[in-house]
Amino acid sequence: MKYGYFPGCSLKGTGRAYEESLLPVLRHLGVELVELEDWNCCGATAYMAVDEGKACALAARNLALAERGGFQQLMAPCSACYLVLNKTQHYLDESPAMRRKVEGALGTVSLKLSRQTPVRHPLDVLLHDVGVEAIRQKVTRPLSGLRVAPYYGCQVVRPYATFDDQANPTSMDQLLKALGAEVVDWPLKTKCCGGSLTGTLPVAGLRLAYLLLKEAKKRGADAIATVCPLCQFNLDAYHDKIAARWEPVRLPTVYFTQLMGLAFGMPAHTLGLQRGFVPLELPAPTAA
Amino acid sequence: MNKEWQPRLVAFFCNWCTYTAADLAGVSRLKYAPNVRVIRVMCSGRVDPQFILDALAKGADGVLVGGCHPGDCHYVEGNYKMLRRYHLLKRMLKDMGIEEQRVRLEWISAAEGHKVRQVVNEMTEQLRALGPLGLPQKFEEWDREVERLAADVHAREAADAAAACAGRTSAEEVTHA
Amino acid sequence: MANGNGNNRTSPERRPRIGFYVCHCGVNIAGTVDCAEVARYVGTLPGVVLSRDYKYMCSDPGQELIQKDIAEYKLERVVVASCSPLLHEHTFRTAVEKGGLNPFFFHMVNIREHNSWVHTDRAEATAKARDLARAAIERVARHKPLETKRVPIKPVTLIVGGGIAGIHAALTLANAGKQVILVEREPTIGGHMAKFDKTFPTLDCAACILTPKMSAVGAHPNIRLLTYSEVVKVDGFVGNYKVTIRRKPRYIDEEKCVGCQDCISACVFKQPKFTDEFNEGLGKRKPVYIPFPQATPQVVAIDSNVCLNFRNGPDGSRVVSDKCKKTCVEACGDRNAIDFTQKERFEEIEVGTIIVATGFQAFDAKRLPAYGYGRYPNVFTALEVERMVNASGPTGGHVVLRDGKTEPKTVGIIHCVGSRDKKTNRWCSRVCCMYSMKLAHLIKEHTHAEVYNFYIDIRTPGKGYEEFYNQLLDEGVHFVRGRVGEVTDWAITPEEEGKLVIRVEDTLAGVVRRIPVDMVVLATGLEPRSDAQEVRRLFNMSCGSEGFFLERHPKLAPVSTFNDGVYIAGACQGPKDIPDTVAQAGAAAAEALSLIDKGYVEQEPNTAFVLEDECSGCKSCIPLCPYSAIQFDDARGKAVINEALCKGCGTCVGSCPSGSIVQNLFDDEEIFSEIEGVLAYE
């Protein structure tokens, strides 16, 4: 299995731990990722609202690069990249005018979009291409006793529910169960983490993060597992501010790939786990 | 009507599904290309390949046959019979140099008014892109060509005969000499 | 370009005198087509001695005009350009016949559905009308006089589905002295209505009005009731259908069972422990059961899937194991009604007309995970609550939470679940607003709970419906306008702890609200039954894009289908409430009755025949006919078509290599002339 890999800015910056865990885990499962050469910003900023055409062209350049690189599929681990690249494809499909415009722009740098390159999320690939069973077989150190609340965030299932249900996704639940973890069922799986507001309306943004952490804790979670670098950062970085304003709700938020790495027996520091603000503590292994 | 060339599309619609679908398109006020002329038959199975050839020969640029979906034929399986003939006819048309898109068979149920619109519009555009088939004009052209050829042949024969006659005379002259 | 391009018009020796009429249909046609120009143009065509445009050809004066003209202008053929022949061909044929001509000396041009309604450019639409009219003129000149054929109608009606629609239609026909065979898939008739407690807006008890009709069906000498049976095959045509019915084994001799239910008490299962379908899974039943007390027929059934006297056979089907003590058989005693040897049987019946009344299925609430059905125990479907408020239901008429004892203090009813939604079904299910309000009233009456209705629009277009809505407002039921976003057990405030929280944008107040409730009721919409497509095929009907059976005309033939002699009634045609269902059932019965009382159907004389002199005896037509109407006459070496069996599809005509089969009304000459007609424009 070979996929083009679009890391996006987060996985090279604040979300470095995501990349550090994603790459070894996928390699371990026989999935080959080849990073796109000369990739650029996906456009998941205010750009779309300012100039749709340019925003689309920006994102489409990455799709064209994938096509030029001969990749049949493109993996975008960051939820924002995943959404924007998918959205761009929808725009191009639905609006011939937009397609002409974007193709024109790409043409000036000798790039073209002649086919659809499906943009996939690692969760989708792991569940549907690799399969839960193959993952279960690689588990050497089951996460027994670890109670994990799966958190999907807003962008992987909305608005395009391509691989899971929009209101109640369950793909990560299945994955975590295969790792031996105990899954905490909670209704906030796809609620907003507040990430888009912490910069502009900090109190509103923090409150959303606070409510999420509080509910996960209340339901007995030891950790939150996330698929998105923005969610991870937002739920992990503001504990002091949350404690100052409301109450302490300290709870580690980790990438699902980090949990997979742990279950596969990889050392924590090779998975970027040392980068989190709230450290993940594993329950003492029970005598098997 | 504007003077520029317009494709002519003749359609044979079965009474039960496709004709009714076209009625539904009307009742729903769906708008589609005015280039189609519908001829009603009871079943697509009634469509004799000669109808299709005749329509093309008389100036249609394309022919559409509409029947019920497989399994839905009002007469059990008339649409399958049409399907068989259609495949044979397509081969023949290919050999005759008639583009594939000019003849099309579509299953359109009584509820699919939108499909009538879609198929008629699609075909009209395809025919527009292909340009006129113009068989009647071609027939005339061919007729003229045949006449020309015949005239040529006639002229040549006459010339040959004349030459032969002259040759004989000269030969006779030689022998006489 | 008028170069004639080889128009070798094959005119008949003498052109008959043709009259042409183009209808304005008010502005329906005249708005897009220049009717006067069409009339002028057609007037110039050979053979046309009269060409008129007229406001409404289908009106009485329009028809009289034709009759008068036939006499005055000695017309021999008539062409009318107006709407679809499927609508008015019969009207004009009758007019032509009254004028003294053979009714088939007529042809109709569709310039409304196929022209003025689908095109916008006046010049192009007018040109198209001219072409179609010219084709008809060419065609009609070649029409031959024909006679319609009369086929007797078998005076028996098959009704498929024993809900209120089927019941009402059956009784209407039976009371008129006609024979009816009513087929129902379940062990009892009654359908969805039998599950309801009260009916809106009058709140009269559903059982009180339905069960007398059910018993009447069971007792009626003119009705043969086949429950636990399904139609598997339909052959033939209007007037003479051959229908095969599969009779599933209920392991009870219906003739011998008296409905005493002694076997049920005697069953080795002392307690009911299997899912009770009739009670929407809220209750339990035994392997031997009667769905509900007033079931018709009053005959028990044995569910072989759970009965101990059966085991899995090698092919997965259930076979008798004889392992049970069979206390039921003991209890039945001399009556001997229990018969474990029963096998599936197939029965063939002959009927003249069919009424399909197969009903609907409720939308599966699990398809909308945001509302938590199946995840949160106290989210119920409306049908579950219907059963709970019913005194003979699984809770004895108590509305309680899933624990079986706690009464809810607050209840939220969510409207439009699986209706008016791009993601599920786009249509309005028509009954949910009203039944939600009925349930609101009943829940309040039973539990005194606070009841909230969450609606997008309240739709109450029925007699007494709006008044019922006002009554509920007076009763203090809350109405919140807004489509509910989700149902969650995520409590933010202490009051929300342990409750289900309904999150909704209150579009009247302009705020997002969180309303904690004990019980959520989902007003699930109506959708076509999952096997509607198979049923449609069986009866040769059509389905609309949403999957409900398609009526022949939405306004003028609402219970007819495109298959003559097959009618539809009730929610299988589209969501509707009980009054509308009953009205439709009556209409379907009346349609069947009018056919039966007429005694015969007139068949289009579009049958095929063989030109004996030209038939080469190749036999290629014989296997093509699905009705075995073509025989081979060995003595003469020719194919012969049995006109009585021919249905007029024309498939053999299109296939005959020697062109020796002719279809009346659609003969080659007629169609070729039509082709030439539509193409001869320049």
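This is a chat about chain contacts, helix packing and a few backbone details in a predicted model.

User: Hi! Which chains have the most contacts between them?
Analyst: Of the two pairs of chains that touch, B and C have the most contacts. Their contact takes 57 residues from chain B and 59 residues from chain C.

User: Nice. How much area is buried there, and which residues of chain B supply the most?
Analyst: About 5,000 Å² is buried between chain B and chain C, with 57% of it on carbon and sulfur atoms. On the chain B side, B:R8, B:R37 and B:R46 supply 15% of the area that chain B buries against chain C, more than any other three residues.

User: How many salt bridges are there between B and C?
Analyst: The count is six salt bridges. One involves B:D72 and C:R536, whose closest N and O atoms are 3.0 Å apart.

User: Okay, and what does the contact between C and A look like?
Analyst: Chain C gives 13 residues to that contact and chain A gives twelve. The area buried between them is about 1,000 Å², and carbon and sulfur atoms give 52% of that.

User: How many salt bridges between C and A?
Analyst: Three salt bridges are counted between chain C and chain A. There is a salt bridge between the side chains of A:R219 and C:D489, at 2.8 Å from N to O.

User: What about A and B, how far apart are their closest C-alpha atoms?
Analyst: Those atoms lie 17 Å apart, and no contact joins chain A and chain B.

User: Switching to chain C itself: which domains does it have?
Analyst: The domain assignment gives domain 1 (18-146), domain 2 (360-527) and domain 3 (604-664). Between domain 1 and domain 2 of chain C, the C-alpha centres are 56 Å apart.

User: I'd like some helix packing. At what angle do α1 and α5 of chain C pack?
Analyst: Helix α1 (residues 35-43) and helix α5 (residues 122-140) of chain C pack at about 35°, and their axes are 10 Å apart. The crossing of α1(C) and α5(C) is right-handed.

User: Which residues meet there?
Analyst: From α1(C) there are C:E37, C:V38, C:Y41 and C:V42, and they meet C:T126, C:A129, C:R130, C:A133, C:R134 and C:I137 of α5(C). By class, that contact of α1(C) with α5(C) has six nonpolar, one polar and three charged residues.

User: And α2 with α3, left-handed or right-handed?
Analyst: α2(C) passes α3(C) in a right-handed crossing. The axes of α2 (residues 60-72) and α3 (residues 85-98) of chain C come within 8 Å and cross at roughly 35°.

User: Which side chains should I look up for that one?
Analyst: On α2(C), the contact is made by C:Q63, C:I66, C:Q67 and C:I70, and on α3(C) by C:T91, C:F92, C:A95, C:V96 and C:K98. The residues of this α2(C) and α3(C) contact divide into five nonpolar, three polar and one charged.

User: Last topic, backbone oddities. Where are the cis peptide bonds you have?
Analyst: One is the bond from A:R158 to A:P159, with omega near 0°. A:P159 sits in the loop between β5 (147-151) and α9 (171-178) of chain A. Another cis peptide bond joins C:T296 and C:P297, where omega is about 0°. C:P297 is in the loop between β15 (288-289) and β16 (301-302) of chain C.

User: Why call those oddities, though?
Analyst: Because most peptide bonds are trans, and most residues other than glycine have a negative phi.

User: Then which residue has a positive phi?
Analyst: C:Y228 has a positive phi, near 55°, and is not a glycine. Look for C:Y228 in the loop between β10 (223-226) and β11 (229-237) of chain C.

Methods
Residues numbered from 1 in each chain as written. Chains lettered and ligands numbered in written order. Predicted model: local features only at pLDDT ≥ 70, side-chain atom pairs only at ≥ 80, totals over all residues. Heavy atoms only, no water. Domains from an automatic or database assignment. Axes fitted to C-alpha atoms, helices over the stretch in contact; angles between N-to-C directions. Helix = DSSP H or I, 4+ residues; strand = E, 2+ residues; numbered from the N terminus. Left-handed = near helix turned anticlockwise from the far one by under 90°. Contact = heavy atoms within 4.5 Å. Nonpolar A, V, L, I, M, F, W, Y, C, P; charged D, E, K, R; others polar. Buried area = accessible area lost by both parts, 1.4 Å probe. Salt bridge = Lys/Arg side-chain N within 4 Å of Asp/Glu carboxyl O.
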